[in-house]
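Visitor: I'd like to learn how to read a few local features in a model like this one. Can we go through them together?

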Amino acid sequence: MTPSPTSRQLPTAMIAAIVALCSVGLGLLVPIYSDEVGWRFQARMAFDGGVDRFVAENCGLNTLAQTPFFMQPLRYATASFNSAFADPLTIRLVGMAYALAWLALLWTLIGRLSRTLAEANRIRTIGFSLASLGLLPFMLVISRPEQPILLALTAAIFLGTAGLNKTRSEDGTAASAIKALLVVLLGMIALGYHLKGIIFMPVFLAAAVFSSHGAKGRPWRIAAPLVLIGATALSIPYWIGRFRCPADPLLAEKLGRENIASVIFNADPIAPKIGKLLAGLNPFDYILLTVPKMRNMSNWLPPQVIGHGTALGWTILVMICWAACMVAAIGVLIVVLRRRPKNQGDVRRIVFALLIAATILFWSVAQIHKNVYESALTVPLTIIVFIFAFTAIRESTHLLRLTRVLSLMTLGGSAISAVLLMAFYGPALSAIARSPGYIAGQKSSFSAFGYGAIRADIVATGKMCGISDDRRTKGLLIDDLTYIAFMNTWRPLHRTGVLSDWNGSIGDPAVYLRTHGSSGAVIGCKYLPPALQRRARRNGAYCCLDAPF
């Protein structure tokens with residue numbers, strides 16, 4: 001018999017939610033990471049003549065990618081929003097909005113999946129506590145394609161789990177159509193944002209199949225998956241093309257070390273390909289990326305904020321909580337599968353749990369070089385797998401005891417982690433927020449605050465070389481910070497694709513810019529090689545170069 005909730009039980013979910021909200025709230029101060037600008041840079045078809053582009057143009061014809069028709073409204077809406085609110089703080093606020101929206105949807109989803117209020121309390125405590133561990137709260141606010149894909153997946157799952165805990169009446173035609181169309185829309189949004197939309201499409205297909213009940217909804221449950229399959233078929237060549245680089249062997253080789261698409265379609269023999277794919281099969285890598293380190297990947301956060309001892313203790317805390325939940329969830333799923341559930345609601349829980357877990361594992365293989373922002377998708381989805389597992393079986397004494405222990409363990413871990421996050425990272429992030437522009441020791445990040453105070457200096461730097469911030473300027477070399485001021489120019493070139501180790505076979509950047517008819521450069525002086533620094537005009541931290549080079 002399931003015990004009724006008591007006043008002592010009820011607050012734990014609220015405490016976990018408060019901890020999560022405080023931790024994510026601190027994420028407002030997280031600097032803007034290069035990839036947050038980079039993905040906006042690659043979705044500029046509204047500015048660049050109806051094509052999506054890479055950070056440079058040395059990969060060949062696929063550099064100028066023709067966007068499938070159903071992705072185009074998303075591209076135009078995104079470009080219009082970015083242009084209207086061209087400020088780094090907007091990027092961080094968008095990231096915050098997505099993170100908070102996902103937490104709200106997670107709370108609602110757990111309420112739908114749980115059979116009792118007491119069960120919902122314990123599962124919410126586990127879910128929100130896991131979301132507060134380590135650096136995951138900061139990762140959740142990184143404004144990249146992972147955010148809308150996570151939100152779209154969770155919303156689709158919510159639509160596909162209606163009526164799990166009650167005798168389900170037949171849905172009407174209108175309700176069936178609305179839910180099916182919403183799942184299709186969510187799936188298309190995911191496909192439009194990233195290759196990951198293709199990888200996680202099985203979850204959208206399941207949501208479409210489960211979106212309604214009864215004969216009146218059957219045509220929509222058939223039509224919606226077919227539409228999604230068609231959209232996926234159009235998306236596959238587009239996204240594979242975006243990750244190929246036939247005109248630059250050096251850059252193609254580097255891309256081949258990043259993801260499955262490049263590995264499969266490069267010219268390597270089959271044995272090395274298989275080895276690369278198997279090497280990526282470790283989903284714990286994503287969880288380990290949420291653990292604070294003395295130097296986090298690419299220094300996306302301030303380096304050396306914590307010492308070795310603190311990092312080790314924090315790692316042990318995070319991994320104990322995650323390992324306990326993972327072992328418990330796998331055990332529960334094995335028990336449920338052995339029982340062969342026949343209840344339709346229980347079957348749907350198992351289908352979603354296994355599909356999400358399978359897609360996470362597949363993406364773990366696909367993404368050979370794992371990045372922190374990948375964890376912002378895969379780790380929250382792992383939490384959803386746990387939720388399905390812990391609600392897939394009607395509560396017994398053993399399951400009740402298990403979830404109670406896990407809820408208290410993870411809540412304690414999240415509280416400790418939140419205190420550490422605020423104590424160590426709070427002061428460092430506050431100092432960065434008070435200083436607009438580039439950040440010492442963080443080459444790939446810049447402050448989200450105070451851009452209004454430096455925008456005029458950046459535009460004035462361009463004017464020193466006769467460079468305007470409108471479409472008269474073509475092929476302008478920029479960095480993440482200066483791009484925001486020069487967003488409305490024609491087909492700018494990002495410094496990552498010209499001056500970094502992602503420049504492939506470019507060689508002399510001056511020659512490359514000259515042959516591409518570039519109007520010049522407005523960029524942080526620190527990014528220019530010495531030869532170009534000597535030719536540049538300097539305005540504080542910013543430099544400009546005018547054509548001809």
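Visitor: Let's start with accessibility. Is F85 buried, partly exposed or exposed?

Guide: Keep in mind that this is a predicted model. Buried means under 20% relative accessible area and exposed means over 50%, with partly exposed in between. F85 comes out at 46%, so it counts as partly exposed. You'll find F85 in the loop between α3 (72-84) and α4 (88-113).

Visitor: And what does a buried residue look like here?

Guide: Try S176: its relative accessible area is 0%, so it is buried. S176 belongs to helix α8, which covers residues 173-193.

Visitor: Which residues is S176 in contact with, leaving aside neighbours within four places in sequence?

Guide: Those are D171, S212, K216, G217 and W220.

Visitor: Can I read burial for a whole helix too? Why is α2 described as largely enclosed by the rest of the structure?

Guide: Count its buried residues. In α2 (residues 34-41), seven of the eight are buried, so the helix is largely enclosed. The buried set is S34, E36, V37, G38, W39, R40 and F41.

Visitor: Now backbone angles. What should I look for in phi?

Guide: Most residues other than glycine have a negative phi. Here, S298 has a positive phi near 60 degrees without being a glycine. S298 sits in the loop between α15 (284-288) and α16 (308-339), and with 39% relative accessibility it counts as partly exposed.

Visitor: What about R491, and where is it found?

Guide: R491 is not a glycine either, yet its phi is positive, at about 45 degrees. Look for R491 in the loop between α21 (480-485) and β7 (493-494).

Definitions and conventions:
Residues are numbered from 1 along each chain as its sequence is written. This is a predicted model: local features need pLDDT of at least 70, side-chain atom pairs count only at pLDDT 80 or more; totals for chains, interfaces and linings use all residues. Side-chain values use heavy atoms; hydrogens and water are left out. Helices (H or I, at least four residues) and strands (E, at least two) are DSSP runs, numbered from the N terminus. Buried means under 20% relative accessible area, exposed over 50%, partly exposed in between (1.4 Å probe, protein chains only). Contact means heavy atoms within 4.5 Å.
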